[in-house]
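Colleague: I should like to go through this model with you, from its overall make-up to individual elements. Please reason through each reply before giving the value or name.

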Amino acid sequence: MEFRLLGTFEIWDGDREIRIGRRQERVILAALLLRANDVVGVDELVDLVWPEGTVEGRGAVQVYVSRLRKAGVRIDGTRDGYAVVVEPEAVDAFRFRRLVAEGRRTVDPVERSDRLRAALDLWRGPAVADVLPERYSASLAEERRTAEQERIDADLAAGRHEALADELAELVAADPLRERLVIAWMTALYRADRKAAALTAYDDLAQRLADEFGLDPAPAVRRLREAIVRDDQDLRGPSPADDPPRELPVDISVLVGRDDVLAEAVEVLKADRDRASVYCLWGAAGVGKSAAGTRIGHLVAEAFPDGQLFARMQDVRGTPVPARTLLGRMLRSLGVVPAAIPDSVEERARRFQEETAERSVLVVLDDVPDGDEVELLVPRGARCAAILTSRRPLATEAVHRQVLPLDRDTSRGLLNRLVGQSLGDQVDALVAGCAGLPLALRIVGARLAFSGADALPTMVGLDSMVAGDLAVRTSLDRTLALADPEARLVFERLPLVGVTEFPAWVAAPLLDCDEATGATTFGRLVELGLVELVGGQDYKMHDLVREYATELLTDPDAPRRRYLATVHRLAALADVELKHGMTLASHLEIPDEPVLPVAEGEVVEDAAVWFGRSWQLVTAAAYAALDAGETELAGILGLRLNGYHLIKELVEPRIELLEAIRDALEVTGPFELFVRTEIALAPAYHRSPAEDLVAGERLLDLANRAESPYLQVRALIELSNAARLSGDPELALVHGNQALAIVDRPGGPESTRSIVLRTLASAHTDQQDYVAAQVRFEQILQLSVPGSLMEGVDLAILGEIKLELEELDEAEALLRRAADNFRAVSSYYHLAWPTSLLARLAVRRDRLEDAAELIGDVNAWFEDPPRAVEVHLRAAEADLAIASGNYDAGRRILLDAIAKSEARGDGQIAAALRQVLESHSSRVSSSTTGC
């Protein structure tokens, strides 16, 4: 199902709209979807549906929820309320936020604009205005306004001022007092050589403000007018090809109580001086220095057209980042090529001062540990400036300003915004206890959002959050003092898990207890605000709290061993249940202990879902094993993850982990495991066929040294595949038959027989020897694990052969079975293959609409299709274009794909596409001759 909130509330199942007639059910579902996967209290739902009050509201909500479940919506119930369980991508509001976040992370302004525009295109009108009160969608509406402004800023940075000038005219007409829009419009008009129109836009704003409010335009608008009048060339902006660095973090949405600091900082940083202006924000941990520094950076960014640089001077563990490293990053950002960056810190600092001497650059240095090295990173040029944040004043020439805790009224307002409702005067004691620290307020806000206002009488203990030089640590000390011994112990050991989000079962090995006992400790930690419940089933520990917990951890060896053993067993169970059919880890045994029945039940129920939630946790465990010197265990975990990585095409995490394991195993062994890791890495690199052949020869040498028939077979398979990709099926057959000879020896590695036969069959297919290929595949299907990913691969190849032989009924049956196998393991990377072939089959049966729909599905799964997908997808697109009467378009699709494949060195793919092209050409030729 797809849920659309960004406009009128709609529910779609494919191309069919699902109608929910009762207003009450629509209201409840919309409210749950706005906070998808989080619990919404029953009382809140009652107030929404019956604002006038009702005696039987709670029971009625239960009835409506039951009806929604019958309609196919998954809703989980707890004692506190209900949560709709849905994949985030199924809700347009979540897709909007994802696209906006991707846009904000994108440096290139053109790409950033395109992503933001794609996000905004999801909106069809005011969010759920037909169902819920405006207050429920107000934050979404503000996110839309912000994204629209950011998209406009990106368009200006990309040089799209001509189109913007007309677009902004309409936007300003709809919202004439929105000064940021007017600034953008005036800028666009000026850059489009419409200076008079830009000045008229200013006059219109000034007149309206004077008539309606008796006010003048904001200083930023007045300064822009003055710059336009004097034809300030800085307004022209950089060309897109010479875009300066824009490294400031995204500005946070909620920053309160800092107006005086912001005003002073802007004045200091923009003042004329004979050297760079430096402004230092200092104060206690958790008081909001970084947030204020980022906001100031955005406020003055326009005054530094040559770029804004940003650097954190300490990592998440509090370890200082060397000035040499930071200077190297800054010089690269300023356009210095790596080869020209000096080696020593002194020479880098000198080069940095030279590069900034005549530029107008802002440098923001966050979390400065002391003033010793900061001098090297602060520019000296008179048109430059720097913003520093630190926990104490620095011994450097700067305007220092202490960031103080928030006052009581501001704290109360922030807390109400965090909770999402006004809690009235009853929160005064909590506000006083938080001492104006934003971190403390956020901890309280999280507790209240989870427990509701009814929990206020039980939360008096939070007044332990007090200010001071170590305010955050003091707050957490006193909060943790409220925890019972078990909860405290699991809290101290949670950093051993190594990931931000984690399931409840991790408490069992950390405490050496059963799952139920461990899970209850998380409930108590949630109540204290030390961890957060996310998605209704996992928990989260924020980085600052994790850092604090790490400081408390003592004697970690025993709990670490238990935890890694548990991850080992669960990952092994999941790897077997995943039914991928790959053999690199098939020799490994599943550990007998420890047994966690609930967690293992989730693995057995759906291994793909378990891996989807847990693969990063398993990855962190593998790295933890490496750090603890347990290299063999790390290697085993890496192999257990390899199947899931392959199914989901998680290339970068797969390579990063396996390379770390390989490097460790190369030193410590065991050698056989080292070679297996090398073989697992080989197909992940997506190298050229020539490089794959060289790598295959090396693997074969390693396998021979290991004296392992299994590894020799696997190395020969890699060589055979490399030969196929290079367009040499004869050589592929040679290597494949060598592998088969090893398998056929007494005691040979029988588990690899199906892989070897598949390799041989594929080489026969490349030669168009379909009879030999079919024989091999019939042998393979006798060996394949039913329902596995590898059986799906075999079915798909055999279906492709049947398609080439025009045995369409058999081809369709085989391809649909293959698709079912790939869906079972949730591998869209593999599913794209039979889906594209089914589209080609639909074309041959003159079902063009079905073919177009299948092609559309595959294109929707990938922004840039992997090369293994592309060959089938482009062939299907060409088939459809030609069958629709557009031979030239179909031919162009194939020629472009062939050129792309040849440029990559993919001889096999280019040859396959060329066969498709020749087949179409011969058909057209035959048709012409027949005429």
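Colleague: How many helices and strands are there in the chain?

Modeller: The model is a predicted one. Secondary structure was assigned along the chain, and the assignment gives 41 helices and 14 strands.

Colleague: What percentage of the residues of the chain count as buried?

Modeller: A residue counts as buried when its relative accessible area is under 20%. Applied to the 931 residues of the chain, that criterion gives a buried share of 50%.

Colleague: For contacts with a separation of 6 or more, what percentage comes from residues 24 or more positions apart?

Modeller: The contacts considered here are those in the chain with a separation of 6 or more. Within that set, residues 24 or more positions apart account for 65%.

Colleague: Which strands pair with E9, and in which sense, parallel or antiparallel?

Modeller: Strand E9 covers residues 362-368, and six of its seven residues are buried. Strand E8, residues 308-312, pairs with E9 over five bridges in the parallel sense. Strand E10, residues 385-390, is likewise joined to E9 by five bridges. The partners are therefore E8 and E10, the latter pairing also being parallel.

Colleague: Which residue in E10 is the bridge partner of Leu365?

Modeller: On the side of E8, Leu309 has Val363 in E9 as its bridge partner. In the pairing of E9 with E10, the bridge partner of Leu365 is Leu388.

Colleague: How are helices H6 and H8 oriented to each other, roughly parallel or roughly antiparallel?

Modeller: Helix H6 (residues 134-157) packs on helix H8 (residues 179-191) with the axes 11 Å apart and an angle of about 20 degrees. Angles under 35 degrees count as roughly parallel. The orientation of H6 to H8 is therefore roughly parallel.

Colleague: How many residues of the contact of H6 with H8 are nonpolar?

Modeller: H6 contributes Gln149, Ile152, Asp153 and Leu156, which meet Arg180, Leu181, Ala184, Thr187, Ala188 and Arg191 in H8. The residues of this contact include three charged and two polar ones, and the number of nonpolar residues is five.

Colleague: Is Arg654 buried or exposed?

Modeller: Arg654 lies in helix H28, residues 651-668. Leaving aside residues up to four places away in sequence, Arg654 touches Asn642, His645, Leu646, Ala680, Pro683 and Ala684. The relative accessible area of Arg654 is 4%, and the cut-off is under 20%. Arg654 is therefore buried.

Technical notes. Residues numbered from 1 in each chain as written. Predicted model: local features only at pLDDT ≥ 70, side-chain atom pairs only at ≥ 80, totals over all residues. Heavy atoms only, no water. Buried < 20%, exposed > 50% of the residue type's maximum accessible area, 1.4 Å probe, protein only. Helix = DSSP H or I, 4+ residues; strand = E, 2+ residues; numbered from the N terminus. Pairing = 2+ DSSP bridges. Axes fitted to C-alpha atoms, helices over the stretch in contact; angles between N-to-C directions. Parallel < 35°, antiparallel > 145°, perpendicular 65-115°, else oblique. Contact = heavy atoms within 4.5 Å. Nonpolar A, V, L, I, M, F, W, Y, C, P; charged D, E, K, R; others polar.
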